[in-house]
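Work through the exercises below with the sequence and the coordinates at hand, and try each task before reading its solution.

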Amino acid sequence: MSEAAIAKKSAIVDEVTAKFEAAASVVVVDYRGLTVEEVTELRKQLREAGVEMKVIKNSILSRAAKKAGLDGLDEVFTGPTAVAFSNEDVVAPAKIIDGFAANAKALEIKGGIIEGKVSSVEEIAALAKLPNREGLLSMLLSVLQAPVRNVAYAVKAVAEKEGDAA
């Protein structure tokens, strides 16, 4: 192999390593059997959520994972492999891919990385069941509003009671 080819591959490994290190979550899938239309639709849904999906050679993925200090992914990097990287939303790639896989049986989640920890298919599936960031913020807001709402109801009840007494 020429020096230029080795340098090019090394640069690609460095780029993928940086993606692994920067990602909040990574989902690795086997896309074999998907039609071109299905892959295009999946990429579109992921892109809209700010998730980047790439098809990368397994040898490059393995080297990049080792370089990023992620052990236990070698068995995941077999066969046709696509990788979805999300830098902001931890839940988005798992949720979108899991939802897409429900309709496209050919799409198979092989594993992934959640906040720097190698994760199993089961852990990715559990993550997919969580609400997205907006849903979690909405739940938090409801919890924070509940005590204020209860105080307002209590004050209103006392005011109505005193009004009846007068």
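The exercises that follow treat the sheet, the nonpolar cores and two single residues.

The model is predicted, so that local features need pLDDT of at least 70 and side-chain atom pairs count only at pLDDT 80 or more, whereas totals for chains, interfaces and linings use all residues. Residues are numbered from 1 along each chain as its sequence is written, and side-chain values use heavy atoms, with hydrogens and water left out.

**Exercise 1.** Determine the strand order of the open sheet and its edge strands.

Solution. Begin with the elements: helices (H or I, at least four residues) and strands (E, at least two) are DSSP runs, numbered from the N terminus. Two strands pair if DSSP finds at least two bridges between them. The five strands then follow the order β2-β3-β1-β4-β5, with antiparallel pairing. β2 and β5 (117-119) are the edge strands, each pairing on one side only. For the pair β2 and β3, five bridges are found in the antiparallel sense, and Lys54 stands opposite Val83 in β3.

**Exercise 2.** Identify which elements supply at least two residues each to the largest nonpolar core.

Solution. A nonpolar core is a set of buried Ala, Val, Leu, Ile, Met, Phe, Trp, Tyr and Cys residues joined through side-chain atoms within 4.5 Å; buried means under 20% relative accessible area, exposed over 50%, partly exposed in between (1.4 Å probe, protein chains only). The largest such core has 26 residues, and Val27, Val29, Leu42, Leu46, Ile97 and Leu107 have the most contacts inside it. At least two residues of this core come from each of β1 (25-30), α2 (36-48), β2 (51-55), β3 (82-86), α4 (92-103), β4 (108-114) and α5 (121-129). The most is given by α4, with six residues. Another core, of 18 residues, lies apart from this one and has Phe20, Val26, Val28 and Val83 among its members.

**Exercise 3.** Decide whether Leu46 is buried or exposed, and list what Leu46 touches beyond four places in sequence.

Solution. Leu46 is found in helix α2 and counts as buried because its relative accessibility is 0%. Using contact in the sense of heavy atoms within 4.5 Å, and not counting residues up to four places away in sequence, Leu46 touches Val51, Met53, Ala84, Pro93, Ile96 and Ile97.

**Exercise 4.** Describe the surroundings of Ser119 in strand β5.

Solution. Ser119 is buried, with a relative accessible area of 7%. Leaving aside neighbours within four places in sequence, Ser119 is in contact with Gly111, Gly112, Ile113, Ile114 and Ile124. Finally, a polar atom of the side chain of Ser119 lies 3.0 Å from the backbone oxygen of Lys117.

Key: A polar contact is a pair of N or O atoms within 3.5 Å; within protein, one must be able to donate a hydrogen and the other to accept it, and residues adjacent in sequence count only if both atoms are side-chain atoms.
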